[in-house]
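Biologist: Please put the sequence and the model on the screen, and then let us go through the strands and the nonpolar cores together.

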Amino acid sequence: MVSLRRARDRWPALVRRRAPQWWRRSDVTLRDLPLALLLVAVSFLPDAHGTQIGGLPDRPLDALALLLIALQSLPLAVRRRWPAVCLALVSVGFAVDQLRGYHSFASTALPIALLSVGAHLVRHRRTAAIVFSLAYVPLAVAFNRLDPGEPPSELVTFYLAMVLAWGLGAWLRSTRVADAEHRLRIAEDTRTAERTRIARELHDVVTHHVTAMVVQAEAARYLTASPDRLDQSLTAVTDTGRRAIADLRHLLDLLNPDHGTGHGTDQPRTPSGGGLLTLVEQTRLAGQPVEFTEEGSPAEPAGSAELVAYRVVQESLTNALKYAHGSRTSVQVRHAEREISVEVSTDGSGSGAGSPGGSGRGLAGLRERVDILGGDFSAGPRTAGGFVVRARIPAGSPS
């Protein structure tokens, strides 16, 4: 009994929640039908009066009037699906209604039909406007013959009022189209930004780890006479490969739709490997002499600044391995209360030292990361030779 009572109590709330959803998903003809039926019902009320053009006397409703009420009201059910058909039927019914002098409330369907054509007609809009205007001419002539004392200005005023209804519908249509185009642009910009972010993350992860593995593998070729050092070099290659796999899995988890919702695996945003020190050690194992200095402690919370600082050091060390292999490299990281300062430089003493080559995508990505957080980024050759990368990254931003 208790469960039945609870189910009975929940039923009205469930119906209230689902009824609007069902109504929004239903066909537009079904949603417009109540308006058409409402005009039919109101037309039979004793004091209901509709549009009247000219001074023709009112005539009581008869069988033809009932047909004209239906002809003017019921087409509104298709005013959004077939707006031109709706306007044609309503216009015929309206003309006969006015010429016969019924002046039923259903005649108010004409401005609704015109507004619907302006808002929902997709093709041949200009043709429809011309046809409607030309069709109004014989109606105006007929009124002038039936009631010669009626001033023509009233017919002109009525025509302008109908043009206003059409124009209001056209304005609603243009507003709706502009809003749809705006949402489409936002969606496209969001997709582009997301693809750029994914490409930047893949570049940072894959380029660094693959470069380190290539350098380590090249060095292993010359260590065949020293089994201990050869084993150490191959172990470094293996560890670098495992870190690359872990970072790629982290990126794939970020692409998972359930990431961050409690249904997927939520991993920290900081890349795997234990931080900057592990990154420096990995570069040293690849044969690059690196001096690492870290001052202060990260701010709480550091937000995205810690990740961006990691990427700056990662990309700079990757470029040092690729373009200044063997050059003395210095990494300096300073944690202040509200910012992180990073400086990575090479002295240009190794083979191939100098400015990084390649596509420049890595440095451009770093500049974009830092700019998003409102920081400063610079990269260029040193006066004494070599290359230096500097970044000032504001801390505490959750971006």
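Modeller: This is a predicted model, in which local features need pLDDT of at least 70 and side-chain atom pairs count only at pLDDT 80 or more, whereas totals for chains, interfaces and linings use all residues. Residues are numbered from 1 along each chain as its sequence is written, and side-chain values use heavy atoms, with hydrogens and water left out.

Biologist: Which residue in β5 does I340 stand opposite?

Modeller: Strands here are DSSP E runs of at least two residues, helices are H or I runs of at least four, and both are numbered from the N terminus; two strands pair if DSSP finds at least two bridges between them. Strand β3 (residues 339-346) pairs with β5 in the antiparallel sense over eight bridges. Opposite I340, in β5, stands I393.

Biologist: Which residue in β5 is the bridge partner of A379?

Modeller: Strand β4 (residues 376-381) runs antiparallel to β5, and six bridges join them. They form a hairpin with five residues between them, where G385 in the turn has a positive phi of about 105 degrees. The bridge partner of A379 in β5 is V389.

Biologist: Why is strand β5 largely enclosed by the rest of the structure?

Modeller: Buried means under 20% relative accessible area, exposed over 50%, and partly exposed in between, with a 1.4 Å probe and protein chains only. Strand β5 (residues 387-394) is largely enclosed because, of its eight residues, those that are buried number six.

Biologist: Which helix gives the most to the largest nonpolar core?

Modeller: A nonpolar core is a set of buried Ala, Val, Leu, Ile, Met, Phe, Trp, Tyr and Cys residues joined through side-chain atoms within 4.5 Å. The largest has 28 residues, of which L76, L87, L110, L114 and F158 touch the most other members. Helices α2 (28-43), α4 (83-100), α5 (109-120), α6 (125-146) and α7 (152-220) each supply at least two residues. The helix that gives the most, with six residues, is α6.
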